[in-house]
Amino acid sequence: MKRVYSLLVDNNPGVLSRISGLFSRRGYSIDSITAGVTADPRFTRITIVASGDELILSQIEKQVRKLEDVIEIKVLDPEDSVYRELIMVKIRADRAERAEIISVADIFRAKIVDVEKESLIVELTGTQSKLDAFLNLLDGYEILELARTGITGLNRGIKNVTLIDQEGNIKKI
């Protein structure tokens with residue numbers, strides 16, 4: 001089973017390394033990990049997708065919660081959250097193939113972000129299943145390079161939001 005964790009952490013040097021190191025030391029599997037500064041530069045949001053049985057996933061949550069820089073850890077349930085992932089695909093394409101690939105990209109609301117004589121780069125954001133479906137339709141074309149960001153996500157609505165004032169006081173909405 002897979003679980004998506006959303007961590008709010010202090011934006012300190014090495015915090016991502018300490019979190020990934022915890023997974024490595026314990027032998028836990030990370031399916032994807034993304035990190036980025038929040039609207040408040042004092043904090044970083046890290047989204048981790050992990051696999052395992054219920055016992056392992058419970059241990060992951062407990063161990064991560066103990067880390068010094070971790071302010072909050074939430075499990076993002078699929079029915080109460082929005083997940084997205086970004087993919088960029090460089091595809092070999094001559095003139096005839098280019099039109100076909102652009103047509104497939106249009107169906108998925110993907111963007112063509114670069115066009116050269118022999119290739120193009122497509123950018124697509126969406127759920128993992130949407131990205132996988134897009135890649136399946138590219139079967140038969142030569143994919144030269146592919147980059148995926150991994151999942152990032154947030155809870156829906158304003159419930160379960162954590163606000164931190166300038167003095168470091170935590171307030172839950």
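# A walk through two helices and a few buried residues

Student: What is the relative accessible area of D80, and does that make D80 buried, exposed or partly exposed?
Tutor: D80 has a relative accessible area of 30%, and because the partly exposed class runs between the 20% and 50% cut-offs, D80 counts as partly exposed. Please keep in mind that this is a predicted model.

Student: Where is D80 found?
Tutor: D80 sits in the loop that joins β4 and β5.

Student: And which residues does D80 touch, not counting those up to four places away in sequence?
Tutor: D80 touches N155, R156 and K159. With N155 the separation in sequence is 75 residues, while the two C-alpha atoms are 5.8 Å apart in space.

Student: New topic: how far apart are the end C-alpha atoms of α2?
Tutor: They are 19 Å apart, and this agrees with the 18 Å that the 13 residues of α2 (residues 54-66) should span at 1.5 Å a residue.

Student: Which residues of α2 are buried?
Tutor: The buried ones are L57, I60, Q63 and V64. They lie on the same side of α2, because the arc they cover around the axis is only 130°. The general background is that an α-helix has 3.6 residues a turn, so residues three or four places apart point the same way.

Student: What do the buried residues of α2 pack against?
Tutor: They pack against two strands that come after α1 or before α2 and others besides, namely β1 (2-10), α1 (15-26), β3 (43-51) and β4 (70-75).

Student: Which residues are exposed on the other side of α2?
Tutor: L55 and K66 are exposed there. L55 also takes part in the cap at the N-terminal end of α2, where a side-chain oxygen of D53 lies 3.2 Å from the backbone nitrogen of L55.

Student: Okay, and α3, which residues are buried there?
Tutor: In α3 the buried residues are R98, I101, V104 and A105. They fall within an arc of 130° when seen down the axis, so they line one face of the helix. On the other side, R95, A96, A99, D106 and I107 are exposed.

Student: What covers the buried residues of α3?
Tutor: The cover includes strands β5, β6 and β7 (119-126), together with helix α4 (128-137).

Student: Which residue caps the N-terminal end of α3?
Tutor: D94 does so, with a side-chain oxygen 3.2 Å from the backbone nitrogen of A96.

Student: And by which residue is α3 followed?
Tutor: R109 follows α3, in the loop between α3 (95-107) and β6 (111-115). R109 is exposed, at 75% relative accessibility, and has a positive phi of about 60° although it is not a glycine. For comparison, most residues other than glycine have a negative phi. N160 also has a positive phi, near 65°, and N160 is found in the loop between β9 and β10.

Student: Let's switch to I151: buried or exposed?
Tutor: I151 is buried, with a relative accessible area of 6%, and its place is in the loop between β8 (143-148) and β9.

Student: What is I151 in contact with, leaving aside its neighbours within four places in sequence?
Tutor: The contacts of I151 are S32, T34, T47, V49, Y83, R84, E85 and Q128. One of these, S32, lies in strand β2 (residues 29-37), and the side chain of S32 reaches the backbone nitrogen of I151 at 3.3 Å.

Student: What about E85, where is its place?
Tutor: E85 is in strand β5 (residues 81-92) and counts as buried at 5% relative accessibility. Its side chain makes a polar contact of 3.0 Å with the side chain of R148.

Student: Last one: what volume does the largest pocket have?
Tutor: Its volume is about 370 Å³. The pocket is lined by 21 residues, and the closest to its centre are L8, T38, R45, V161 and T162. Strands β1, β3, β4, β9 (152-155) and β10 (162-164) each supply at least two residues of that lining.

Definitions and conventions. Residues are numbered from 1 along each chain as its sequence is written. This is a predicted model: local features need pLDDT of at least 70, side-chain atom pairs count only at pLDDT 80 or more; totals for chains, interfaces and linings use all residues. Side-chain values use heavy atoms; hydrogens and water are left out. Helices (H or I, at least four residues) and strands (E, at least two) are DSSP runs, numbered from the N terminus. The expected span of a helix is 1.5 Å times one less than its number of residues. Buried means under 20% relative accessible area, exposed over 50%, partly exposed in between (1.4 Å probe, protein chains only). The arc is that of the directions from the helix axis to the C-beta atoms. Contact means heavy atoms within 4.5 Å. A polar contact is a pair of N or O atoms within 3.5 Å; within protein, one must be able to donate a hydrogen and the other to accept it, and residues adjacent in sequence count only if both atoms are side-chain atoms. On a 1 Å grid over the protein atoms alone, a cavity is a set of points where a 1.4 Å probe fits but cannot get out, and a pocket is an open set with protein on both sides within 12 Å along at least five of seven lines; lining residues have an atom within 4 Å of a point. Grid points are joined across faces, edges and corners, and a volume is the space filled by probe spheres set on the points.
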